Every structure is written in structure tokens, then in C-alpha cells.
Amino acid sequence: MELTPKTQKIQDKWDANFMKTYAQVPVVIDKGQGATVTDIDGKEYVDFTSGIGVSALGYDHPELTKAIQEQAAKLLHSSNIFFNEPHVNAGEKIIKLSGYDKAFFCNSGTEANEGAMKIARKYSDIKYGGDRGTVLSLNKSFHGRTMASLMATGKEAYHKYFYPLPTGYKYVDKNDIEAFKEALKDETICAFIFEAVQGEGGVYPVDKEFIEEAVKLCQEKDIIVICDEVQAGMGRTGKLFGFQNFDIKPDLVTMAKGLAGGIPVGGILAGEKVSNVLVPGDHGTTFGGNALAMAAANVVLDQLAKPEFLDDVAKKGQYMMDTIKSWNLDEIVDVRGKGLMIGVEIKGKSADVEKAAAEKGLLVLTAGEHVVRLLPPLVITMDEINKGLEVLKACL
């Protein structure tokens, strides 16, 4: 992309001051409305990324903006030594919506996953002794960047350079129930963590038959089941959580991204068996449950409590997948996903499509070398969907 003087200035400042941890598309986003964002030069883009699934209610959502502004004028943070009302209200709402027993709010998805693994290990340590602490996960999974979550991530390429890494992790291919049964012969396994839809791994929904049988096997062996709903949760698949597309109920559910519509937040939901495992001193977080994040989360949770809202997400996602399939383009290998979490596997490089789309006014994501990932805001309109799809088709 040819950079404008304003964008070039911003990129030069970035290069001078920041570590090279991201391969950015050279777009400087300045503001947004609905599912459309505007850069610093006034160019508009239909957003099929929602900040990697974070901006669930899009941009400048009136209720979300009002709640954040009002809370910022009152109280941002007070720590968990004290109570704050938005925190308590958000916990009550997520418990009622989810049917779980207890909640814990933190700051991010990787932190939520680490907390869930701590709960599973303590549960097993108390009941079976300290030798039962191995976490089983799926190959091509993604569970975060901090050290334990990194090891739960089933991608060897992500582990490179960071040795020695935490021990106590094993992996098995998704949808291979015989390999899963073989893995469970390891008596040290205390937990199984999985994503209902593998996002970073290529937008692969896990097979219904596999995950239902896998969870059943874990329950028989008293292995704690953790569902990582960081990306697939918060209405993204047309259900409150992605696992609700199956006939299962995990012991622990982790969440983040869209939960507060753009304010950093994460969380854990615990079923009855593990709801009282942690006691004061076992776990905590300075910023978790802060009043600003919880004020935002309350607005998102109010939207997710509306069945018609989730039905609309499912319908829009199906429309997008059906439309892309109807193009019958030779470049497209596969279209898969659930709700507004869509992967378009192509023969070419997804990064090339990402850049070409940005030039034409559409923001998309990648999930590996050959998968274009689409995660639009849940409130995206049909006009915005059709406008974005026209650009995507042209780029493919």
C-alpha cells in the first residue's frame, strides 16, 4: 500500500519506539461508527475484524459509550479489597445467563486460561495428590501468550525460543477420538482444554460427535473440562458460548475479548464441582473487576441476554457463508465457521488478501498462511455486510 504522509509519520514513530511484535496493515484507525471505521485521512473501511473479536457492539454504540463515560466520571478502580457495584452486577448477570455457579473476572483471555488451569490442578491435587497435573489440549489450538497458556497452545512454532517452558502438557489431534482415548491412559492428566471453534488455528469448529464423546470420557475419569471461549464466546457463534452448539457443559469456561466491547477484560465461570476450589490467597488480580470494565461488560451482557440478538448473529453469519460459497470461485478451497466467526481457506496467501482488501476499504484478518478470517462486530448491518462482501469477492 502507498502510504499517505499522515500514515507514514505514524508508522515512522512506531518503528522508532516499539518492539517489532506485529506485522501491521498500514492503516491508522481514527474513529468508528457501527461496523465502519475511518482512518486519519478520512477513508472509510467496513470492519470484518472487530479488533480481533473484541468490539462486539461495534463503534460508538450509544449505550456502551454512555456507560463508559458515566463510570469514568465516578470511579475507575478501587481494587478487590473492596466491592464495587458494576462488578457485582456483571457477575450476577453472567451467572444468570450462563447457568454456572461462580464467576471470576480478570484482564485477558490468556490470564483466564491460566486461572482455569490453576483451578483444575488444585482440584486434582486435593483429591488425587500432586502427581496429577497434566493438561491435555488439541493440536492447532491457541490459548494465549503467557507461559502456561503458551504451553497449552498446541503449536510447536509458538514454543520455539522460549525454553525451558512449563512442563505438564500433552496434545492430541482434534476429532480423533481413538487418539484421545489413548491420551487419557496417562493417569497424570487433570484437565482437558479446548476451543469450540479453533480461531487462530484456522477457524475450525470442533466436530460435535468428537467433543461430546471426549467430554463424556473426561467426566468418567474426573478430568476437569475447560472450554476456552475467549474468541468463540460472547455471542460470536450465535449462542452465548460456542460450546452451547453441542450437548455438553464444561466444568470451567474462560472468556474475554467481546465481554466488555473494547475495554480489556477476561473471566472464568466455574461449575458446581470446582466453584469453591480457590480460597483467599490462591489467586487474584489487581485490575480484574475494575469498575470501568464492568460498567462496559454490563451493557454487553444486557444485549446478549436478548434471544433475538443472538438469533440475528446466527442468521447474518449463515448469510455471509452462503454468499461466499455461492461465488464458486476457484481460489476458494473451503468456507467454514459458526455465526460471525468465519474462515475462508484460499489457495493463495491470506496476507495478500488482507492488504488488498484494506486498499479497497475492507478490513479482514488472517488465521494462518491460507485462511482469511472474518470476525465482524455482532451489530453489523446487512448493508455493511454486502458492501464488505463485494470487496472481498473482488480481492479473491
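In the predicted model, Asn175 is placed in the loop that connects β6 to α8 (177-183). The phi angle of Asn175 is near 70 degrees, a positive value for a residue that is not glycine. A second backbone feature is found at Tyr163 and Pro164, which are joined by a cis peptide bond with omega at about 0 degrees. Pro164 belongs to the loop between α7 (156-159) and β6 (169-172). Most residues other than glycine have a negative phi, and most peptide bonds are trans. Strand β6 thus serves as a landmark for both sites, with the loop of Pro164 running between α7 and β6 and the loop of Asn175 between β6 and α8.

Helix packing was examined next. Two packed helices are described by the angle between their axes and the distance between the axes. Helix α3, residues 62-74, and helix α10, residues 291-304, have axes that come within 9 Å and cross at roughly 155 degrees. Because angles over 145 degrees count as roughly antiparallel, α3 is roughly antiparallel to α10. The crossing of α3 past α10 is right-handed. On the α3 side the contact is formed by Glu63, Leu64, Ala67, Ile68, Gln71 and Ala72, and on the α10 side by Ala291, Leu292, Ala295, Ala296, Val299 and Gln303. By class, nine residues of this contact are nonpolar, two are polar and one is charged.

A second helix pair consists of α12, residues 350-359, and α13, residues 382-395, whose axes lie 9 Å apart at an angle of about 130 degrees. The two helices are therefore oblique to each other. The crossing of α12 and α13 is right-handed. Val353, Ala356 and Ala357 of α12 meet Val391, Leu392 and Cys395 of α13. The contact of α12 with α13 comprises six nonpolar residues, with no polar and no charged ones.

The analysis then turned to internal space. Rolling a probe the size of a water molecule over the atoms shows where empty space is left. Two cavities of 30 Å³ or more were counted. The largest cavity has a volume of about 40 Å³, and its lining is formed by Gly53, Ala56, Gln231, Gly233, Met234, Arg236, Gly258 and Leu378. This lining divides into three nonpolar residues, four polar residues and one charged residue. The second largest cavity holds about 30 Å³ of space. Residues His77, Ser78, Ser79, Asn80, Asn84, Gly288, Gly289, Asn290 and Ala291 line the second largest cavity. Eight of these lining residues are polar, one is nonpolar and none is charged. Ala291 appears in the lining of this cavity and also in the contact of α3 with α10.

Among the pockets, the second largest has a volume of about 680 Å³. Its lining contains 25 residues, of which His87, Lys102, Ala103, Phe104 and Phe105 are the closest to the centre of the pocket. The elements that supply two or more residues to this lining are α4 (85-98), β4 (102-106) and β12 (266-270). Strand β4 gives the largest share, four residues. By class, the lining of the second largest pocket has 14 nonpolar residues, 10 polar residues and one charged residue.

Key
Residues are numbered from 1 along each chain as its sequence is written. This is a predicted model: local features need pLDDT of at least 70, side-chain atom pairs count only at pLDDT 80 or more; totals for chains, interfaces and linings use all residues. Side-chain values use heavy atoms; hydrogens and water are left out. On a 1 Å grid over the protein atoms alone, a cavity is a set of points where a 1.4 Å probe fits but cannot get out, and a pocket is an open set with protein on both sides within 12 Å along at least five of seven lines; lining residues have an atom within 4 Å of a point. Grid points are joined across faces, edges and corners, and a volume is the space filled by probe spheres set on the points. Ala, Val, Leu, Ile, Met, Phe, Trp, Tyr, Cys and Pro count as nonpolar, Asp, Glu, Lys and Arg as charged, and the others, Gly among them, as polar. Axes are lines fitted to C-alpha atoms, for helices over the stretch in contact, and angles run from 0 to 180 degrees between N-to-C directions. Angles under 35 degrees count as roughly parallel, over 145 as roughly antiparallel, 65 to 115 as roughly perpendicular and the rest as oblique. A crossing is left-handed if the near helix is turned anticlockwise from the far one by less than a right angle, and right-handed if clockwise. Contact means heavy atoms within 4.5 Å.
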